There are 2 protein chains.
Amino acid sequence: MRDRLRRLVALTRMVTRPGPVPLLSEMADALQVAKSTLSEDLALVRDVLSEAGLGEIHTQVGVGGGVRFVEGLDVNQVRAALEVWVQALDEPDRMTGPGFLYMTDLLFRPELVDPLGALLAERLAGRSAGLVATVETKGIPLALAVSRALSIPVVLIRRDNRLSEGSSLSINYLSGSSHRIQSMSLARRAPVRGARVLFVDDFLKAGGTARAATDLLHEFDAEVVGVGVLVATASPAAKLVADVAACLRWEESSVAPTPWVAARLAAGAPAQQSTDPAAR
Amino acid sequence: MRDRLRRLVALTRMVTRPGPVPLLSEMADALQVAKSTLSEDLALVRDVLSEAGLGEIHTQVGVGGGVRFVEGLDVNQVRAALEVWVQALDEPDRMTGPGFLYMTDLLFRPELVDPLGALLAERLAGRSAGLVATVETKGIPLALAVSRALSIPVVLIRRDNRLSEGSSLSINYLSGSSHRIQSMSLARRAPVRGARVLFVDDFLKAGGTARAATDLLHEFDAEVVGVGVLVATASPAAKLVADVAACLRWEESSVAPTPWVAARLAAGAPAQQSTDPAAR
């Protein structure tokens, strides 16, 4: 019995660790059990994690027979990260110019960005996207967090043409916030053709960058099916892209979670529910 | 007994999930057990994970009484990622110019970069760094992966001065590869003062960028105590920074794991060892 306890601990970790999950046969070898025993253990792990809101294990039948683990949203982590964001962005010396906020330090702390990437991923999972796109630079950590949560790659749109990118397609556009002509470009060889794409960025004002990225991706027969950002400004109310999912709303130098985020937090933290079957 | 099985599965997941781990008291509440029972369960989880090479749980005594989980390196994931890198970089059409490789698509696939970030983190953990630094743009995913594995933030050095960064300190330098004058800048408010820093980038030729970043950080009283890159070129053999940890070595358009990486892979995959106590 103690062997089974130990096996279940190891199995839980193997199945839920980030990255590709080992094949069932590999796990059976590593744990030195028959595949039938492993299947029974796996069913228990799946049930416990699902009921506790700690994540979902999807078993893939067929050759090789693998499993895929989808992380449950940790609402407590999301709440803690949002509290840090709200407090930090309310500091008056974060404004470095009219409508410009210094956020670089916060955007590059994984514990503050990864939970919000998971939140946006949950919100946008229904769009069946195959790619996340972002324009360099500051949206990259959030884009990677969304991509990791959905197990899809990121395509990086560059600000300049770079020798390392090879031949590229460029687009010029008028930035809604700085009223300057800006450009962005995407390598012709970027693997985006025909994809359904989520556009992710750190900050959205008028949405000129998101609009231009949508147009540029359209040239590759790729379609933007959702937009997720960390902060959207209240003004202008009319954005150049429809249906923006923002974690925070910034209005007259004060910041707060958006209504859908507040509702998701209020819906509670599955991980806090009892995992004791006797108490269910 | 079945209750304990279920509790151990939930506890394993709670302790090992990414991000801050809940306090012992929070976990005891969520699992509806006494703290003494939880401590006993936690000791079992710690022993199993450690013995199987699946990670280390460090218990912090004191107010609150938390735990910290340090991921074990998954050598199989590292090997699988390196195989994809070696094969992809050997494709002749990846060369977009003399000494320039198109790698952007690969660098933004978390499953290819996160394992190598964990590998570099393990290699450089002894340097006791408090920060990871990178220069935008393509090194960012690897820098974030190292940062996540070591639970330390990333500081982003910019190529241009940006309004959102506020006042910045800039440095001009001669790029060893392109023989052009380039510049990089860091916001004065960036929280780096006095820090021990790991510099991480995607590609290193002569090391001019790493050298300039070291000098720039020195202006903030911060010290670069290690350099980690994905690919280093064989030529020039003399680099402008000492002691570069590279995952891959690129020589005359052919790429291979570096000696320390090959040795680490040969040292074997702890996760593949038996986790069955009866078979130890």
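## A bridge between chains

In this predicted model, B:R148 and A:D114 pair through their side chains in a salt bridge, with N and O 2.7 Å apart. The pair crosses from one chain to another. B:R148 lies in helix α7 of chain B, residues 140-150. A:D114 lies in helix α6 of chain A, residues 110-124.

How accessible is B:R148? Its relative accessibility is 25%, so B:R148 counts as partly exposed. Side chains of opposite charge can pair when their charged atoms come close.

## A buried pair in chain B

B:D105 and B:R94 also form a salt bridge, at 2.9 Å from N to O. This pair links distant parts of the chain, eleven residues apart. B:D105 sits in helix α5, residues 104-107. B:R94 sits in the loop between α4 (75-89) and β3 (95-97).

Are these two side chains buried or exposed? B:D105 has 17% relative accessibility, so it counts as buried. B:R94 has 8%, so it is buried as well.

## A partly exposed pair

B:D47 and B:R46 make another salt bridge. Their closest N and O atoms are 3.8 Å apart. B:D47 has a relative accessible area of 33%, so it is partly exposed. B:R46 is partly exposed too, at 31%.

## The wider count

How many salt bridges does the structure hold over all chains? The total is 38. Some of them share partners: A:R13, A:R17, B:E71 and B:D74 are joined into one network in this way.

Note on methods
Residues are numbered from 1 along each chain as its sequence is written. Chains are lettered from A and ligands numbered from 1 in the order in which they are written. This is a predicted model: local features need pLDDT of at least 70, side-chain atom pairs count only at pLDDT 80 or more; totals for chains, interfaces and linings use all residues. Side-chain values use heavy atoms; hydrogens and water are left out. A salt bridge is a side-chain nitrogen of Lys or Arg within 4 Å of a carboxyl oxygen of Asp or Glu. Helices (H or I, at least four residues) and strands (E, at least two) are DSSP runs, numbered from the N terminus. Buried means under 20% relative accessible area, exposed over 50%, partly exposed in between (1.4 Å probe, protein chains only).
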